[in-house]
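These are my notebook entries on one structure. I set down what I looked up, in the order in which I looked it up.

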Amino acid sequence: MRTRLSVLVTSLLLAASSVSAQSRDPYFATFTASYDFIYHELDETSAVGAHFDIASTIKRDVPFLTFAGEVGINHFDGANVSSFMGGPRLRLPNAGRNVLPFVQFFAGLYHCGVCDINDFAIQGGAGLDLRTRRGSAVRIRPQIDIRHMFDNPGGFNAVRAAVGVVFPLNH
C-alpha cells in the first residue's frame with residue numbers, strides 16, 4: 001500500500017513539473033469553508049455536511065505545491081461520520097486569469113460512531129479556485145472528491161461534491 005501511494009504522489013509531481021510557468025501563486029496560506037451538497041456512501045446520501053481545510057504553500061513556483069489539513073463532518077439519518085485528513089494539493093497552471101485548477105491526495109482517519117468504524121481512508125480530488133471579481137482575494141471553490149475507507153473486509157467508497165469559499169490568510 002505504501003509503495004503504491006509513493007508511486008502515485010511521485011508520478012503526480014513529475015508529470016506536473018513539465019508544465020510551463022504561469023502567474024504567481026496568489027496565497028501563501030488559505031482557509032476554506034465548504035458545504036458538501038453531495039456526500040454519498042454505502043447507498044445513502046448525507047442530509048447535510050461540511051468540511052474545512054487549512055493549506056500552506058510549500059513550493060512557490062508552477063506547479064504550486066501546498067500541504068493541506070482537512071476536517072469534515074456529514075450527517076446521515078441516525079448517524080454522523082467525520083474525517084480528519086491531510087496531504088498534498090498541487091495547484092496547476094492557471095486556466096485563465098480567474099481560474100486556478102488543483103488536484104489533491106489526502107490520507108487520514110474516517111470515523112462513524114454508530115457504525116463502530118474508525119479506519120484509515122484515502123481521498124483523491126480536484127477542483128477550481130474561481131476569483132469572483134478582479135482584485136478580489138476571496139475565491140469560490142467547487143470540488144469533487146472520491147474517498148476510499150479500508151473497513152474490513154473489502155472497504156467502501158464515497159463521493160463528495162462541495163462548494164466553498166477560500167480566504168487568504170496572508171499574501
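**Entry 1. Confidence.** I began with confidence, since the model is predicted. The mean pLDDT of the protein chain is 85, and 84% of the residues reach 70 or more. I then looked up the stretch over residues 7-23, where the pLDDT is below 50. In the model this stretch has 20 contacts beyond near neighbours in sequence. Where pLDDT is low, predicted coordinates should not be read in detail. I therefore do not interpret such coordinates closely in these notes.

**Entry 2. Secondary structure.** How many helices and strands does the protein chain have? I found one helix and nine strands. Reading along the sequence, I noted the pattern α-β-β-β-β-β-β-β-β-β, with the helix ahead of the strands.

**Entry 3. The chain as a whole.** I next looked up burial and contacts. The protein chain has 171 residues, of which 41% count as buried. I also looked up contacts between residues at least 6 apart in sequence: 55% of these join residues at least 24 apart. For the surface, I recorded that the protein chain exposes about 8,900 Å². Carbon and sulfur atoms supply 63% of that exposed area.

**Entry 4. The disulfide.** Which cysteines are joined by a disulfide? I found that Cys-112 is joined to Cys-115, with an S to S distance of 2.1 Å. The structure holds one disulfide. What is the handedness of the disulfide? The torsion about the S-S bond of Cys-112 and Cys-115 is about 50°, so the disulfide is right-handed.

I then looked up each partner: is Cys-112 buried or exposed? Cys-112 counts as buried, because its relative accessibility is 1% and the cut-off for buried is under 20%. Cys-115, at 42% relative accessibility, counts as partly exposed. The value for Cys-115 falls between the cut-offs of 20% and 50%, which is why that term applies.

**Entry 5. A nonpolar patch.** Which residues make the nonpolar surface patch? I listed Tyr-35, Phe-37, Ile-38, Val-48 and Val-163, which together form a patch of about 420 Å². Strand 1 (residues 29-41) gives the largest share of the patch, namely three residues.

I followed one further member, Val-48, which lies in strand 3 (residues 48-59). Val-48 has a relative accessible area of 41% and is partly exposed. A patch residue needs over 30% relative accessible area, so Val-48 meets that cut-off with its 41%.

Terms used:
Residues are numbered from 1 along each chain as its sequence is written. This is a predicted model: local features need pLDDT of at least 70, side-chain atom pairs count only at pLDDT 80 or more; totals for chains, interfaces and linings use all residues. Side-chain values use heavy atoms; hydrogens and water are left out. Patches are made of residues with over 30% relative accessible area and no salt bridge: like charges are joined within 9 Å, nonpolar side chains (Val, Leu, Ile, Met, Phe, Trp, Tyr) within 5 Å. Accessible areas come from the Shrake-Rupley method with a 1.4 Å probe; for residues, only the protein chains shown count as cover. A salt bridge is a side-chain nitrogen of Lys or Arg within 4 Å of a carboxyl oxygen of Asp or Glu. Helices (H or I, at least four residues) and strands (E, at least two) are DSSP runs, numbered from the N terminus. Buried means under 20% relative accessible area, exposed over 50%, partly exposed in between (1.4 Å probe, protein chains only). A disulfide is a pair of cysteine sulfur atoms within 2.5 Å. pLDDT is the predictor's confidence in each residue, from 0 to 100. Contact means heavy atoms within 4.5 Å.
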